[in-house]
Amino acid sequence: MRLFLVTMFMARVCVVAMPSPTNAADEKETFVFAYRLLEPQTKEFEDSKKGEAFVKALGKLGCKSKTESHEGHMDVIFQQPRWTLVTLQSEELVHKWQDWLNDAGCETLHSEDPEHEEEHDEAHKHEHEADMEVIAFQTTDWVEKHFEKAGTGAEFVVVCKALGCEFKDDVHDGHADVTFRCVKPRTIECAGHEAAEKRAEWLTKLGFAVK
């Protein structure tokens, strides 16, 4: 049985619930994206209930946060410096959570199969659709990255999953090697031209051919 996310966007920050983790036997298909927030962000809430709902949503996403109260306000300070994977049950939910996290100041990463995009136009809508630019990336050859810290390699595995890549990881003596490829082209939607340029440059440095 599908589990559905119940959401209520109040000033783009109030969320009621996140879906519970799903069992592969219960779901035919799942969708993933990754997010991170390198620098701490602070959001101020006049209504403490909205602040508490925001903290709860961050917790469901695995994002660290703390609160401070002053002069009748609630401040929520949050940060997630490492790429973190989120698994959901539909493309539509992925886009809603991407928009929510982007509005909160986070960076998100999610790729799609361009052959399937036209089949599910509704699911691919973003809140700021008019500003979106699409870039395509691909690497038919295996690319290997070496990481001095195993934890850094594990974080890169999250990136590979969000990009939709095949990957192999090998942890040894505290180091990690991650080998990846993406035989079929994948696409990423970016919030504007500047974001698309930065993402294209980042993907090129990783070893992808980018358009």
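This is a short talk on how one predicted protein chain is put together, going from the overall fold to a single threonine.

Let me begin with the whole chain, since the later details are easier to place once the order of the elements is known. The secondary structure comes to 5 helices and 8 strands, and from the N terminus on the elements run β-α-β-β-α-β-α-β-α-β-β-α-β. Of the 211 residues in the chain, 42% are buried. If we take the contacts between residues at least 6 apart in sequence, 75% of them join residues at least 24 apart.

Now to the sheet that I would like you to look at first. It is an open sheet of 4 strands, in the order β2-β3-β1-β4, and its pairing is antiparallel. The edge strands are β2, residues 64–70, and β4, each of which pairs on one side only. From one strand to the next the twist averages 10 degrees. As a reminder, strands of a sheet pair through backbone hydrogen bonds, either parallel or antiparallel.

Let us walk across this sheet from the β2 side. Strands β2 and β3 pair over 7 bridges in the antiparallel sense, and one of the pairs to find on the screen is T67 with its bridge partner V76 in β3. These two strands also form a hairpin, with 2 residues between them, and E71 in the turn has a positive phi of about 50 degrees. The next pairing, between β1 and β3, is antiparallel and runs over 11 bridges; here F31 has L88 in β3 as its bridge partner. At the other edge, β1, which covers residues 31–45, pairs with β4 in the antiparallel sense over 3 bridges, and the bridge partner of A34 in β4 is L109.

What packs on this sheet? Helix α4, residues 150–163, does so, touching β1, β3 and β4, with its direction at about 75 degrees to that of β3. Helix α2, residues 91–103, lies across β1, β3 and β4 as well, and runs at about 30 degrees to β1.

I would like to stay with α4 for a moment. At 1.5 Å a residue, its 14 residues should span 20 Å, and because its end C-alpha atoms are 20 Å apart, the model agrees with that expectation. Many of its residues are worth colouring by burial: among the buried ones are G153, F156, V159, C160 and L163, and E155 is buried too. Just after the helix, G164 takes a positive phi of about 80 degrees.

That brings us to the nonpolar cores. The largest has 26 residues, and those with the most contacts inside it are L109, F156, L163, I188 and F208. Two or more residues come to this core from each of β5, α4, β7 and α5, with α4 giving the most, 7 residues. Looking at L163 in particular, and leaving aside residues up to four places away in sequence, we find that L163 touches L109, S111, F137, R186, I188, L203 and F208. Apart from this core lies another, of 22 residues, among them L37, V76, V94 and W100.

The later strands have pairings of their own. Strands β5 and β7 pair in the antiparallel sense over 12 bridges, and the bridge partner of M132 in β7 is A191. Strand β6, residues 166–172, also pairs with β7 in the antiparallel sense, over 7 bridges, with V171 standing opposite A176. The hairpin that β6 and β7 form has 2 residues between the strands, and D173 in the turn has a positive phi of about 55 degrees.

Finally, let us zoom in on T108, which is found in strand β4, residues 107–109. Is T108 buried or exposed? Its relative accessible area is 10%, and the cut-off for buried is under 20%, so T108 counts as buried. The side chain of T108 is joined to that of Q98 by a polar contact of 3.2 Å. Beyond residues up to four places away in sequence, T108 touches F33, A34, Y35, W83, Q98, L101, N102 and R199. To place some of these partners, recall that A34 is bridged to L109 in β4, and that residues 91–103 make up helix α2, which lies across this strand.

Notes. Residues are numbered from 1 along each chain as its sequence is written. This is a predicted model: local features need pLDDT of at least 70, side-chain atom pairs count only at pLDDT 80 or more; totals for chains, interfaces and linings use all residues. Side-chain values use heavy atoms; hydrogens and water are left out. Buried means under 20% relative accessible area, exposed over 50%, partly exposed in between (1.4 Å probe, protein chains only). A polar contact is a pair of N or O atoms within 3.5 Å; within protein, one must be able to donate a hydrogen and the other to accept it, and residues adjacent in sequence count only if both atoms are side-chain atoms. Contact means heavy atoms within 4.5 Å. Two strands pair if DSSP finds at least two bridges between them. Axes are lines fitted to C-alpha atoms, for helices over the stretch in contact, and angles run from 0 to 180 degrees between N-to-C directions. The expected span of a helix is 1.5 Å times one less than its number of residues. A nonpolar core is a set of buried Ala, Val, Leu, Ile, Met, Phe, Trp, Tyr and Cys residues joined through side-chain atoms within 4.5 Å.
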